[in-house]
Amino acid sequence: MEDGYFVRLFTVLIITLLLHCLFISSTAVSGTNITTDQSALLSLKFHVSSDPTGALRNWTVSSPVCTWAGITCGARHRRVTALNISNMGLAGAIPPELGNLSFLASIDLRNNSFAGTLPEYLSRLRRLKFIRLSYNTFAGEVPPWFAFLPQLQLLSLKNNSFTNTNSFFDSVANESKLETLDMSFNSLQGRIPSSVANMSNLETLILSNNLLHGVIPQSIGNLRNLNWLNIEGNGLTGSIPSSLFNVSTLELVSFTQNSLSGSLPDDMCIGVPFLQGVYLSFNEIHGNIPSSISSCTQLQTLSLSNNKFSGAIPREIGSLEMLQILYLGFNELTGEIPSEIGKLQNLGFLAMENNFLRGPIPFGIFNMSFLQRLSLAQNELDGPIAEEIGNLTMLTELYLGHNNFTGAIPRGLGKLALEALDLGTNRLTGNIHSDIFNISTLILISLTSNSFSGKLPANVGEFLPNLAQLFIGQNNLEGVLPSSILNSSQLMVLDLSGNNFNGPIPNSIGNLQLLQVLNLETNSFTSESASSDLSFIASLTNSRYLTELAVSYNPLNGVLPSSVGNLSSSLQTIYASDCKIKGGIPVEIGNLSGLVSLYFYGNDLTGFIPTPLHDLQSLQRLSLGNNRLIGSIPNDLCTLNNLGALYLNENQLTGQIPECLGNVSTLRSIHLYSNNLSSVIPNSIWNLQDLLELDISSNSFTGSLSPQIGNLKAATFIDLSMNRFSNGIPTTFGGLQKVTNLSLAYNNFQGPIPDSMGTMLSLV
């Protein structure tokens with residue numbers, strides 16, 4: 001009995017000793033492993049070149065690893081299981097030692113500036129399930145070893161600089177557990193391989209905004225668990241694989257901004273009952289919109305704009321009761337807008353612009369209580385705009401321009417909190433009532449090119465604190481410009497052109513300090529000043545963002561003040577033709593260094609062409625024709641290296657054409673006719689091989705025409721008539737094959753007409 005007792009006691013002692021040794025061993029191993037994790041993370045910190053917020057300051061040997069910022073350890077083994085240092089502004093590289101974090105299941109480095117390639121040693125992280133590396137600058141090939149991580153479920157590489165995926169896709173095994181793959185916004189090149197179908201558990205595939213090309217493989221339809229497919233913003237061609245529409249789990253498909261062609265399958269919605277979003281805009285897809293679209297009963301977004309769809313809009317589209325966004329613009333759709341579209345009571349955005357739709361707006365549209373944006377512009381719609389449009393209480397954007405709508409502006413619009421109102425280029429008539437100008441939320445008003453008449457309401461700008469753009473040109477409006485318009489302090493574009501407005505341009509126009517475009521052309525505006533100066537010019541010097549000033553075809557009857565040189569440095573265009581402007585051109589105009597176009601045609605300008613024009617180095621078009629300018633053509637014009645069109649015709653200029661003008665290789669049009677110019681044509685002019693128009697008629701040029709005139713191969717219009725050219729007509733005229741108009745009349749040419757001119761087949 002004692003023997004048995006000692007045996008049992010000995011056994012207990014042995015077991016206790018073994019357990020004690022095992023505990024010590026386990027503790028030792030555990031200590032070694034957490035030290036390994038510590039070393040790996042300290043190596044990462046060492047490779048961080050920038051830590052602007054000190055996010056890793058507690059990554060030191062003096063504190064436990066599991067308390068470090070961004071570190072999560074497992075409760076059982078106390079090993080690092082998650083590394084999350086996202087959104088910390090870090091920069092640097094990833095060291096291979098990070099592959100020693102053998103218990104790591106999740107790594108999140110999003111929104112930093114890590115760069116370089118990913119070391120292959122990371123393939124040892126066999127427990128990794130989640131990899132989030134988006135919004136960094138990693139580069140090179142997508143590592144194929146990602147495919148060998150047996151537990152990987154999510155891989156996000158969005159917004160980096162990866163270039164190739166073929167090795168990765170080819171390495172993916174059928175047993176891959178990958179569910180989410182996002183490689184959007186990289187520089188991926190090549191084709192989408194058919195091996196993409198190997199990721200049989202894939203639910204989300206995002207390859208958008210890369211440089212992929214070629215066709216979408218039919219095998220993509222084998223991804224039977226796919227919910228989201230986004231490959232927009234690439235260069236894909238060919239048709240959309242029909243197999244895709246048999247993936248019953250599909251909820252979203254986006255191929256926007258590719259070069260896809262072909263047509264949509266007639267049964268496209270039969271096999272995808274859960275489809276919620278279809279984004280196919282900006283492709284070259286043609287054919288009809290399938291009537292089976294009605295089977296996509298869960299559809300919330302249908303975006304087919306900017307394609308080549310034709311035919312009628314199917315009436316079945318009215319069955320999509322869940323639809324919130326419908327974009328059909330910029331296609332070739334015809335017929336009337338089906339009345340059934342009025343059944344889409346959840347619709348928030350409806351855009352059908354730039355088609356060939358005709359007929360009235362279906363009455364049911366005016367009952368869409370959630371509609372925020374309605375765009376039917378650039379069609380052939382007609383009839384009046386119903387007063388019931390005022391029922392659209394959520395509407396903020398209304399675009400009905402470029403149609404054939406008739407009648408008056410419905411007063412119901414005044415009930416809405418619109419931000420954009422475009423009724424331009426229709427056949428609307430009547431007065432513009434004050435209700436429109438009481439919509440304080442308006443940012444854009446376009447009523448241009450209609451037949452509105454009467455005067456503008458006195459309150460036109462009084463209640464429009466947000467108005468940025470006002471287009472009411474090309475109507476029959478009259479009267480003076482209401483001073484209240486100057487209360488719209490946010491106004492950037494004011495277009496009143498092509499009306500019958502009269503009275504002075506107010507000197508306070510410069511109160512519109514944000515003004516960028518002022519177009520008052522073709523009215524009867526005058527200057528407000530009692531002196532001869534155009535005083536509104538001085539006021540406009542307060543508009544420091546002004547880029548375009550257009551006052552042509554008004555009886556301004558004044559002198560350009562020197563303050564014209566103080567206008568905005570951003571000014572690119574001055575249109576001031578046929579304004580009865582008199583006096584000289586101020587030399588200060590040379591201060592407008594950003595000027596691209598300068599038009600003073602058809603005025604009563606006198607004096608010399610100011611030499612400071614040479615400071616206008618951006619100038620492309622200079623039109624000073626039909627004035628009373630005197631003196632010679634200044635050599636300073638030869639320094640305008642961007643000049644494309646030069647109009648100095650119908651003045652009293654004398655002397656010769658500057659030799660250096662032939663060095664301005666950008667010139668396309670030269671019009672010097674009806675002056676008092678003389679001497680011979682400098683040979684340099686014939687070196688302008690891109691010149692399209694040359695008119696030097698009605699001057700006193702002499703001498704022979706150089707055979708080099710045959711160098712003007714691009715010319716379409718040449719008029720040398722009414723000069724004193726002599727001797728023979730050069731045979732090289734025959735080489736000017738693009739000339740449609742040629743006049744050599746009223747000169748002193750001698751000899752026969754060259755036979756070569758018979759080959760100028762473009763002449764009319």
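Where is the place of Asn-723? In this predicted model, Asn-723 sits in a loop, the one that runs between strand E53 (717-719) and strand E54 (724-727). Being in a loop doesn't put this residue out in the open, though: Asn-723 has a relative accessible area of 6%, so it counts as buried, the cut-off being under 20%. Its side chain has polar company in there. One link goes to the backbone nitrogen of Phe-701, which the side chain of Asn-723 reaches at 3.0 Å. Another involves Ser-721, whose backbone oxygen lies 3.1 Å from a polar atom of the Asn-723 side chain. Leaving aside residues up to four places away in sequence, Asn-723 touches the run Ile-696, Ser-697, Ser-698, Asn-699, Ser-700 and Phe-701, plus Tyr-746 and Asn-747.

Next comes Met-722, which is found in the loop between E53 and E54 as well. Is Met-722 buried or partly exposed? Met-722 has a relative accessibility of 45%, so it counts as partly exposed, a class that spans the range between 20% and 50%. Its contacts, again without residues up to four places away in sequence, are Ser-697, Ser-698, Asn-699, Ala-745, Tyr-746 and Asn-747. A look at C-alpha atoms adds one more detail: Met-722 and Ser-743 are 21 residues apart along the chain, and 9.2 Å separates them in space.

Arg-621 makes a handy companion case. This residue belongs to a strand, E45 (residues 621-623). With 31% relative accessibility, Arg-621 is partly exposed. Counting no residues up to four places away in sequence, Arg-621 touches Val-596, Ser-597, Leu-598 and Tyr-599, and also Leu-643 and Ala-645. From Arg-621 to Asn-642 there are 21 residues in sequence, while the C-alpha to C-alpha distance is 8.8 Å.

Now for the strands. Strands of a sheet pair through backbone hydrogen bonds, and they can do so in parallel or antiparallel fashion. Here, eight strands form an open sheet with parallel pairing, in the order E42-E44-E46-E48-E50-E52-E54-E56. At the edges are strand E42 (582-583) and strand E56 (748-749), each of which pairs on one side only. Strand E54, which follows the loop holding Asn-723, is one of the strands in this sheet. Further along the order, strand E48 (residues 652-655) and strand E50 (residues 676-679) are joined in the parallel sense by two bridges. Within this pair, Gly-655 has Leu-677 in E50 as its bridge partner.

That leaves the empty spaces inside. Rolling a probe the size of a water molecule over the atoms shows where such space is left. How many cavities of 30 Å³ or more are there? The count is two. The largest has a volume of about 80 Å³, and its lining consists of Ile-94, Ile-107, Leu-109, Leu-118, Leu-122, Leu-125, Leu-128, Ile-131, Leu-133, Phe-138, Trp-145 and Phe-146. By class, that makes 12 nonpolar residues, with no polar and no charged ones.

The second largest cavity comes to about 60 Å³. Among the residues lining this second space are Leu-534, Phe-536, Ile-537, Leu-549, Val-551 and Phe-600. Its lining, too, has 12 nonpolar residues and no polar or charged ones.

Note on methods: Residues are numbered from 1 along each chain as its sequence is written. This is a predicted model: local features need pLDDT of at least 70, side-chain atom pairs count only at pLDDT 80 or more; totals for chains, interfaces and linings use all residues. Side-chain values use heavy atoms; hydrogens and water are left out. Helices (H or I, at least four residues) and strands (E, at least two) are DSSP runs, numbered from the N terminus. Buried means under 20% relative accessible area, exposed over 50%, partly exposed in between (1.4 Å probe, protein chains only). A polar contact is a pair of N or O atoms within 3.5 Å; within protein, one must be able to donate a hydrogen and the other to accept it, and residues adjacent in sequence count only if both atoms are side-chain atoms. Contact means heavy atoms within 4.5 Å. On a 1 Å grid over the protein atoms alone, a cavity is a set of points where a 1.4 Å probe fits but cannot get out, and a pocket is an open set with protein on both sides within 12 Å along at least five of seven lines; lining residues have an atom within 4 Å of a point. Grid points are joined across faces, edges and corners, and a volume is the space filled by probe spheres set on the points. Ala, Val, Leu, Ile, Met, Phe, Trp, Tyr, Cys and Pro count as nonpolar, Asp, Glu, Lys and Arg as charged, and the others, Gly among them, as polar. Two strands pair if DSSP finds at least two bridges between them.
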